[in-house]
Amino acid sequence: MEYRDNRKQERKRLKRCFRVVGVAYVVYLVVSTLSQLAVAWTLEVPEGALGWNLWMMASMLAMYPLSTLFLYLIMSRLPKAKQIWREPVGPGRYIGIFVICMGCMYMGNILGQAISAVLRVITGMPIDNSLDTMISNMQPWLILLIVVIVGPIMEEVVFRKILLDRIAGYGQVVSMLVSGLIFGVAHGNFYQFFYAFALGVIFAWVYLRTGSILYTIGLHMMINFCGSFLSLFLLDMIEAWGTAGLMLVFGQLMVMIGYVVAAVILLIYYRKDIFLREERKALTAGEVFGAVILNGGMIAFFLAGGVLFLINF
């Protein structure tokens, strides 16, 4: 009888925690979207490349301050996890994690592109990658500022630091999957969801293992640099070189394949080291899933994410 009561109390505790988590990230999505739109609508789009880029910078930076503040205030209702892991990562291991991240990013990107293509065929509607379009119209300095520096810092605070500090006590697997899922859904489109989910899980593992957000910020910055700034630079070179640019395309394809193969090899090599030691839990996997995902807060978050997917369709 006591064992059954303990399981019931544990389910309630999980539901209560992740209901707050879901509500907090719904508020984050709504406030960040409205803040960005408010600035975009308030400021007239100026003429000229410099003016347009400054307008874009203002609208993109507007999404972080208020939304992060509201998120923190709601999440602060939850107690912080008691256990904080402190295991530094050496340079060799850090490079290995970066290679795994790059391989997962390319695999996730391919999956996202494939699903988007299928949806395009089924619906008969053009599905554009708005992120690529937006980045291609930005000046290099703005890409470095927003995509490579500010974005990774703020996103690691929002999707790792604030979140994992409060849910890590419920188990590493749950924490990693929830962090990756929320990170993926918050990107709001099929193109980015799969690789954002994979990277979110890896970043969560790194943070749980090290206890330092600096490791994940560094990884996030390097990945965004390679995936946006460097890719755009190579695209410009390919267009400028004409036929000779096909060699760069082939080279880039070889690099992508190399990252994917290396990522698979490293994941196999480090397979015993992937998960931290988990405490034995009274609840089954199904009970944990029901408590963590099937509650009002998290369902509301997925619905809000679904609206973003439809808007960006």
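1. Buried residues of H7. In this predicted model, the buried residues of helix H7 are Gln172, Val174, Ser175, Met176, Val178, Ser179, Gly180, Ile182, Phe183, Gly184 and Val185. That is eleven of the 15 residues of H7, so the helix is largely enclosed by the rest of the structure.

2. Geometry of H7. The helix covers residues 172-186. At 1.5 Å a residue, a helix of 15 residues should span 21 Å, and the end C-alpha atoms of H7 are 21 Å apart, so the expected and modelled spans agree. After H7 comes Gly188, which has a positive phi, near 75 degrees.

3. Packing of H6 and H8. How far apart are the axes of helix H6 and helix H8, and at what angle do they pack? The axes of H6 (residues 140-167) and H8 (residues 190-210) lie 11 Å apart, and the angle is about 55 degrees. H6 is therefore oblique to H8, the oblique class being what remains once angles under 35, over 145 and from 65 to 115 degrees are set aside. The crossing of the two helices is right-handed.

4. Residues at the H6/H8 contact. On the H6 side, the residues involved are Glu156, Arg160, Lys161, Leu164 and Asp165. Their counterparts in H8 are Gly200, Phe203, Ala204 and Tyr207.

5. Tyr207. This residue belongs to helix H8. Is Tyr207 buried or exposed? Its relative accessible area is 5%, and the cut-off for burial is under 20%, so Tyr207 counts as buried. With neighbours within four places in sequence left aside, Tyr207 is in contact with Arg160, Lys161, Leu164 and Asp165, and also with Ser212, Ile213 and Thr216. Arg160, Lys161, Leu164 and Asp165 are among the H6 residues that meet H8. For the pair Tyr207 and Lys161, the C-alpha atoms are separated by 8.1 Å, while the two residues are 46 apart along the chain.

6. Overall fold content. The protein has twelve helices and zero strands, so its elements, read from the N terminus, are α throughout: α-α-α-α-α-α-α-α-α-α-α-α.

7. Burial, surface and contact range. The protein has 313 residues, 44% of which count as buried. The exposed area is about 16,600 Å², with 69% of it supplied by carbon and sulfur atoms. Of the contacts between residues at least 6 apart in sequence, 81% join residues at least 24 apart. The contact of Tyr207 with Lys161 joins residues 46 apart along the chain.

Conventions: Residues numbered from 1 in each chain as written. Predicted model: local features only at pLDDT ≥ 70, side-chain atom pairs only at ≥ 80, totals over all residues. Heavy atoms only, no water. Helix = DSSP H or I, 4+ residues; strand = E, 2+ residues; numbered from the N terminus. Buried < 20%, exposed > 50% of the residue type's maximum accessible area, 1.4 Å probe, protein only. Contact = heavy atoms within 4.5 Å. Areas by Shrake-Rupley, 256 points an atom, 1.4 Å probe, with all protein chains shown as cover. Expected span 1.5 Å × (residues − 1). Axes fitted to C-alpha atoms, helices over the stretch in contact; angles between N-to-C directions. Left-handed = near helix turned anticlockwise from the far one by under 90°.
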